[in-house]
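This report goes through selected features of one protein chain, element by element. Please keep the sequence and the 3D view open while reading.

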Amino acid sequence: MGTWTRRRKFWGWGYEDEQPPMAEVRRIADRARAQLGFGGDRVDEPARVSDLGLRPARRLAPPAHLEPLCHDDPYERAAHAMGKSYKDVVRGFRGEIVHPPDLVVFPRDDNEIARVLEWSARTDVAVVPYGGGTSVVGGVEPLVDEDAYRGTVSLDLRHVSGVAEVDRTSSAARIRAGTLLPEVEAELRPSGLSLRHYPQSYTFATVGGCLATRAAGHYATGATRIDDCVESLRAVTPGGVWESRRLPGSGAGPSPDRMLLGSEGTLGVITEAWLRVRSRPVYRASTAVEFATFAQGARAVRTIVQVGLRPAQCRLLDAGESALSGAGDGASSVLLLGFESAHLPQEAELERAVRCCLDLGGRPAGAPRVRGPHLAGPASPPTRPGAEARWRDGFLAAPYLRDVLVAAGVLVETFETAVTWNHFADFVSEVERETRKAASEVYGTAAVHRRLTHVYPDGAAVYFTVLAPARAGSEIAQWDDVKTAVSEVLLREGGTITHHHAVGREHRPWYDRQRPDPFATALRAAKQALDPHAILNPGVLLDAHSARTAAGATPPRD
């Protein structure tokens with residue numbers, strides 16, 4: 001648990017000791033403004049914990065056996081008050097933390113989690129499970145009906161961590177929910193294994209958080225979603241322990257794991273999982289291909305996956321996104337292609353994918369890069385990083401850069417969706433047009449970029465980035481206007497409200513319209529059975545009041 005010993009910024013991305021000094025922030029802000037062509041005329045400093053003036057914590061008086069697990073100091077309350085969306089970073093940066101939890105509780109095992117839930121249900125305290133705090137959809141903010149609950153608890157699972165068991169014969173590992181993804185890799189490495197799950201939030205994401213939100217990793221095809229890695233799940237619910245049988249597959253009715261995946265802490269607290277792992281790759285082959293248009297590149301991507309190729313990297317950037325990330329010069333769309341394997345050289349797979357691209361008008365952007373033990377002699381280092389490496393560096397640095405852009409008065413936010421190929425071209429054009437229109441109306445000027453992140457034989461996930469000059473003091477309202485407009489377009493045009501960022505509180509209005517009504521009824525029944533007092537993450541996925549009314553709960557009285 002070494003990475004937990006460093007203190008993270010309560011308001012933004014990364015650790016406190018990673019925050020650059022103001023002189024460096026100003027230099028970065030100046031460069032960003034010069035490249036973007038807009039931004040504020042000043043660079044603000046972030047709030048400090050001592051400046052926050054958090055509302056007093058309501059006295060919840062946990063029982064004596066739970067008191068050593070509970071903390072109500074200002075830093076912990078502030079750090080657990082929000083996730084890491086643009087809106088969260090702006091509010092934290094300004095010191096506007098409206099809904100801090102009353103207590104932050106750090107259980108160490110299932111028994112302590114069960115005791116916290118029992119006490120909370122008995123005393124009408126809402127519980128918000130907390131993993132790495134990387135939610136960008138309001139999934140960990142303790143925003144609940146204060147008339148219905150006596151207080152809120154953020155249940156931090158960082159001490160429920162570690163790789164508990166490795167089954168090399170079955171290529172699986174039992175991993176506790178609070179384990180950070182880098183720690184998973186570190187503990188699996190001596191066995192030559194990897195979970196191979198690398199979301200952009202990798203540094204701070206936990207296994208349980210990924211499971212609860214059905215997270216997708218960096219890889220573009222194959223088993224990129226955490227769903228695909230699950231053998232079995234264990235969770236503690238107010239109604240008891242939920243543990244599925246560990247199996248490679250089963251046709252025995254609806255899958256119990258599928259109900260927990262994506263449940264976002266509303267049905268129970270996921271505490272561990274048996275996950276499929278794989279041998280670490282040693283063979284790699286990658287390259288970049290340029291296309292005159294984004295649509296042309298998308299046709300090549302569709303061909304690649306539909307002929308049966310499964311590249312680990314198949315990320316298509318439009319011209320603006322390629323320039324912003326450093327993968328290209330902004331004159332063309334760029335497709336980043338990469339294959340990897342633990343067992344076989346990958347040059348032939350890469351060549352097949354490149355041929356698909358050339359047949360559809362693509363042109364190579366530099367020589368392929370090949371690595372593997374089959375190559376004779378030491379590999380010579382490249383004279384300069386390729387497009388793939390430049391994009392990767394920018395991808396990992398993006399959350400840190402966003403903190404600087406907030407200080408400089410620049411909005412940078414993203415949203416993602418997915419749609420089938422038969423609607424893809426018209427869908428992407430319409431969403432881009434409406435996003436550009438909404439953002440320009442709100443901000444006066446805006447840049448909108450696109451990239452494909454995950455591709456399937458029947459469709460793809462597309463990611464949009466919006467950059468614009470934000471008006472100090474109005475950042476939240478401005479983005480809310482744009483987000484509302486684009487969310488309406490996503491549903492109207494047949495896409496999903498989210499491909500991998502979960503629902504949280506931000507996407508609830510559109511999620512309610514996307515899911516079938518009978519399914520919503522069934523989900524409410526499951527909530528009532530597992531969490532009859534509706535203490536778990538109220539307002540996420542489901543309204544809390546219906547479950548509480550059905551359970552006969554009465555609003556607390558002072």
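Which residue in β18 is the bridge partner of Leu316? The partner is Leu452. The model discussed here is a predicted one.

**Strand β13 and its partners**

Leu316 belongs to strand β13, which covers residues 313–317. The strand is mostly covered, with five of its five residues buried. Burial applies to both faces: Gln313, Arg315 and Leu317 lie on one side, Cys314 and Leu316 on the other. In a regular strand, side chains alternate between the two faces of the sheet.

β13 pairs with β18 (residues 447–456) in the antiparallel sense, over two bridges. β13 is also joined to β14, again antiparallel, by five bridges. In that pairing Arg315 stands opposite Leu336 of β14.

**A four-stranded sheet and helix α4**

Elsewhere, four strands make up an open sheet of mixed pairing, in the order β1-β2-β4-β3. Its edge strands are β1 (70–71) and β3 (125–130), each of which pairs on one side only. Between β1 and β2 (residues 103–105) the pairing is antiparallel and spans two bridges. His71 has Val104 in β2 as its bridge partner. Helix α4, residues 110–123, packs on this sheet and touches β2, β3 and β4 (151–156). The direction of α4 makes about 150° with that of β3.

Val140 sits in the loop between β3 and β4. Is Val140 buried or exposed? Val140 is buried, because its relative accessible area is 9% and the cut-off for burial is under 20%. Leaving aside neighbours within four places in sequence, the contacts of Val140 include Val128, Pro129 and Tyr130. His80, Met82, Gly83, Ser135 and Arg505 are also among the residues in contact with Val140. Lys84 is 56 residues from Val140 along the chain, and the C-alpha atoms of the two are separated by 9.7 Å.

**Salt bridges**

How many salt bridges does a search of the whole structure find? The search finds 45. Side chains of opposite charge can pair when their charged atoms come close. Three of the pairs are listed here.

| Pair | N to O distance |
|---|---|
| Arg122 and Glu118 | 3.0 Å |
| Arg284 and Glu340 | 3.6 Å |
| Arg352 and Glu349 | 3.8 Å |

Arg122 and Glu118 are four residues apart in helix α4, so about one helical turn separates them. Arg122 is exposed, at 53% relative accessible area, whereas Glu118 is partly exposed, at 44%.

The pair Arg284 and Glu340 links distant parts of the chain, with their positions 56 residues apart in sequence. Arg284 lies in strand β12 (residues 283–291) and Glu340 in strand β14 (residues 333–341). Arg284 counts as partly exposed, with 28% relative accessibility.

Arg352 and Glu349 are both in helix α10 (residues 347–359), three residues apart, about one turn of the helix. Both ends are partly exposed: the relative accessibility is 35% for Arg352 and 28% for Glu349. In addition, Glu430, Arg433, Glu434, Arg492 and Glu493 are joined into one network by salt bridges that share partners.

**Helix α11**

Helix α11 runs from residue 387 to 407 and has 21 residues. From the first C-alpha to the last, α11 reaches 29 Å, close to the expected 30 Å. Where does α11 bend? The bend, of about 50°, is at Ala398, and a proline, Pro399, follows within four residues.

Pro399 is one of the buried residues of α11. Others in the buried set include Trp391, Phe395, Val404, Leu405 and Val406. Charged residues are present there as well, among them Glu388, Arg402 and Asp403. Just after the helix, Gly409 takes a positive phi of about 80°.

**The loop after α15**

His533 is in the loop between α15 (517–530) and α16 (544–550). At a relative accessible area of 30%, His533 is partly exposed. Gly473 lies 60 residues from His533 along the chain, and 38 Å separates their C-alpha atoms.

Terms used
Residues numbered from 1 in each chain as written. Predicted model: local features only at pLDDT ≥ 70, side-chain atom pairs only at ≥ 80, totals over all residues. Heavy atoms only, no water. Pairing = 2+ DSSP bridges. Contact = heavy atoms within 4.5 Å. Axes fitted to C-alpha atoms, helices over the stretch in contact; angles between N-to-C directions. Salt bridge = Lys/Arg side-chain N within 4 Å of Asp/Glu carboxyl O. Buried < 20%, exposed > 50% of the residue type's maximum accessible area, 1.4 Å probe, protein only. Expected span 1.5 Å × (residues − 1). Bend = angle between axes of the 7 residues up to and from the residue.
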